[in-house]
Amino acid sequence: MTDTGARRWVGKSILRKEDPKLLAGKAKFVDDIQLPRMCHAATVSSIYAHAKILAVRCDAAKALPGVIAVVTGAEAAELSGPLPSRANPTVTQHCLAIDKVRYVGEPVVAVVAETRAIAEDAAALVEVDYEELPVVADMDAALEARGDAVLHPERGDTNVYTVVHRKWGEVDAAFANSAHIVKRMFRWPRVSAQPIETVGAVVEYEPATQHFFFYSNMSQQMMASGGLAAALKVRPSQLSFVPMYVGGSFGGKVGVYHVAILAAVLARICCRPVKFMEDRLEHLLNGNQHGSDRRYLAELAIDANGIFTGLRCDVVDDYGAYFHLALGAHGNAAAQITGPYRMTAVDYKVTAVATNKTQQGPYRGFGGEVANFVLERLVDAAARQLKADPFELRKRNFLRPDAFPYTTPTGNLYDSGDYEGVLDEAMRMAKIDDWKARKAKQRGNSKRLGIGVATVCERSVMNVTEFWFFEDKPLNPVSSSPESVSIRIDVQGVPIVTIYAPCWGNSPETLAAQLTAEHLCVDPSTIVVNYAGTDGGMLSKGPAGSRFTVMLAGAIEGACQALLAKVKAVAAHRWGCKEEDVAIDERGAFMTAGDGHVMTFAQIAEASYLYRLDFPKGDRFTTGLAASYTYDHPCATLPDPKTGDLGIFYPIVGHACHLVLAEVDTELATVRIVDYVAVHDVGQVVNPMTMDGQIRGGIAQGIGTVLLEKYEFDESGQALTGSLADYLIPTACEVPDIRVSHFTTPSPLTSLGIKGGGEGGRLASCPAITSAIDDALEDEGIFITELPVTPSRLFDLLRAPASDRATQESPAAPERPTAVEHH
Amino acid sequence: MSEKLLVSLEVNGEVVEQETEPRTLLSTFIRDSLGLTGTHVGCEHGICGACTVLLNGVTVRSCLTFAVQANGGKLKTVEGLLRRDGSLHPLQRKFAEHHALQCGFCTPGMLMTCEEICRNKPAATREEIRDGISGNLCRCTGYQTIVNAVADYLENPHD
């Protein structure tokens, strides 16, 4: 399985470098920033889902002692343009609404005051006159809407942002020739990351140099700075981000531009540093970070041997009031649309619609988790329809280990895998026969047991083409996704590693130290890791799409190779030997032949820094011992618009099998997870302790998605989930102990064979838990097609007449309204 | 609103006196007036538990408590868990050993809740620990490693 034996540090659960300061309460988060003369912002938010702004009266607010500025959308627009957006044609959004509000909670006016409390007092004195417009509160209404119900009339008389329909392989033939077709309608709920820290920014503007200093927990600062600068009508070199610790993101803080831009505009207006922290209500309502909100009509074609031959998905996605990431989340889903199965034909149609809700942003999985859910649900439905064993059916359709490298129907590459090996390991860990016996024992009782299974791929190491390859005319067809590192060995021989992405709760300092230690053969506890601000100028995309560890590892390998070349050259010159005769181990450099001389890193560093004239002239022996390296995607290709091939954009493909034993109480209509086994293939594991933490955390979020979480809106677009007492994040009582194990197929494409693993917990848990619920209720004929399975929903399902349950088996699917093609 | 009241209390063993508005939340007072930013604010409506501190030995949501309510009391924050020399409390070390934190934002509040559990229930079972921390939300860990850390600390408090 793995070749960890040869590694010194990679593969070990070393303790985290991040922890001491986090545990002591000394790590600086954005809300901890206090600057001299700093003032505080609060916003006035829309109370209507859709309305024209007729008038804004700010006099009473301005008159309140302690108020510094009251800023309307029109005033903010004098200093800022539209927020960054990838869609073409653009869907215009400003940091404050100008003429019209499009969802409840959209910021309309900002108030700056000496304290946050005064700012909120003043915000309450601002009067806004609205003229209500027809509200588009759900995707079906969006498909029909015309006239005043259109959110962005400048894009045409429709609320359809875009329709994309692609076919790969002989999909119509696959369905025409199939022996069985399994067809279901699925509804994936609007959920989101909801990290415990909301989004915030402190911005200082220096008029003399026209420079903005950002303290912000917005993610991907380096990549964002171009878009932010454009929105602020300045050059990127006029922005500096100061690295901060971030209280969780899970994707949710990637696209939240309005907070930082608004703080920057206010800082410029006030000529004082401004802090703007979302409160929880704002993060729930207008965080620009709700996840996918989709309905699928999905079909699986199966031949007489039980082999899957084709997949059809007709998706409507409720994107909300704006569309800043375009179809990125569907591009993501396309990376592994056929999952771990041999299937060569796919038909994928997506209709993206505008409604009066906050817009979507990424959430752990970025649409891939939805595609995994739908595919695994179809496989479970197929097992039921064909009366097949769900484990055996999956095995029959798995790609075999000799299939790799494998090109998917859409053109993506899978680098390696052994899916049956992962499934077998999970079944062994679970003692699946024991589970089956326990289930049989409780059959017919009010408390039933069900066994859930999901076998899913975890595409990792994103390349950014997914954001635009579905566009007819991409606005910005970027294709670079770099990560950088600088390593300096100081004059005393201590490695100092500088990374260019902040800590989101992943473990960048620990991983950087561990990976550097591996190459330099030093103890990671002796390595110093620090963060560069954007002034550092190195390119970094940061954590997203399960890419960071792999990309960091590539950058570190590159920098270490350059460093070690210098180390060897210095030692060889000192010893008068060939560089090939110098090797590195934990002592430092040593001569492999002859006298077996040894020089420690401290001695080599001393020579490199202080004794220039001992060495020959030329660049090789330039004073110092440092190297920087920018690593870009190891294996990506451009899409081909002519053939419809999407190219390689997510080729480092891990795998996971989750097995869930769940108890369904048919009287209380509740679900309890009794046992949970997760086996993951993330290639070479760098730190099993932190990797397992990512997996368990992702599973906890999957439990939220399946059982608890959903943003609810009424027919007038009012948000009904305005607190964490309404939007339910799993607590310690809902998340069970989870048994995690690894089955490793190293990636042939990456440094040390590492694959990404940051999203797999959530990518696999949603279908696995759901599968356990309806396995427990198989006797009732219940098959879950909609999340979350709350007690009230389960109660309704259990009390529905048996005939209604039967319709779920072969749905008289509601006719999907015809989408209006967007031109 | 602007009339200020004097608040006098013991904070992590030191007597502190400061004027503050009656409406000032204890969380705001701790973070902004006292400069103890280890206590974090997550939801400001009493659900997430990130702002949990000990007031007279009992956990309170500092976002649901006014600063003036702490007058005359003894307050302990995450900074007060540290040993006098600034080193980590054994419970904090257990959190590191068991990877009971990722982003660390909920951690200070979680630590204060766990400190109370350990004091009140030195023989707490895993289920009791789970129940005890169920008022503190963590979005990163899935809680299992937090339960592991607390259980280990209860078994080996002096490690």
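Me: Over which residues at the start of chain A does pLDDT stay under 50, and how many contacts beyond four places in sequence does the model have for them?

Reply: pLDDT is the predictor's confidence in each residue, from 0 to 100. Two residues are in contact if their C-beta atoms, placed from the backbone, lie within 7 Å. In chain A, pLDDT stays under 50 over residues 1-5, for which the model has five contacts beyond four places in sequence. Residues 806-823 of chain A also stay under 50, with 30 such contacts. This is a predicted model, in which local features need pLDDT of at least 70, side-chain atom pairs count only at 80 or more, and totals for chains, interfaces and linings use all residues. Residues are numbered from 1 along each chain as its sequence is written, and chains are lettered from A in the order in which they are written.

Me: What is the mean pLDDT of chain A?

Reply: The mean is 94, and 97% of the residues of chain A reach 70 or more.

Me: How many residues of chain A are in contact with chain B?

Reply: 42 residues of chain A are in contact with 42 residues of chain B. Helices are DSSP runs of H or I, at least four residues long, and strands are runs of E, at least two, numbered from the N terminus. Helix 1 (19-23) and helix 18 (688-708) of chain A each supply at least two residues of the side that touches chain B. Helix 18 gives the most, with seven residues.

Me: Is A:H165 buried or exposed?

Reply: A residue is buried if 20 or more other C-beta atoms lie within 10 Å of its own, exposed if 12 or fewer, and partly exposed in between, with C-beta atoms placed from the backbone. A:H165 is exposed, because 12 other C-beta atoms lie within 10 Å. A:H165 sits in strand 7 (residues 160-168) of chain A.
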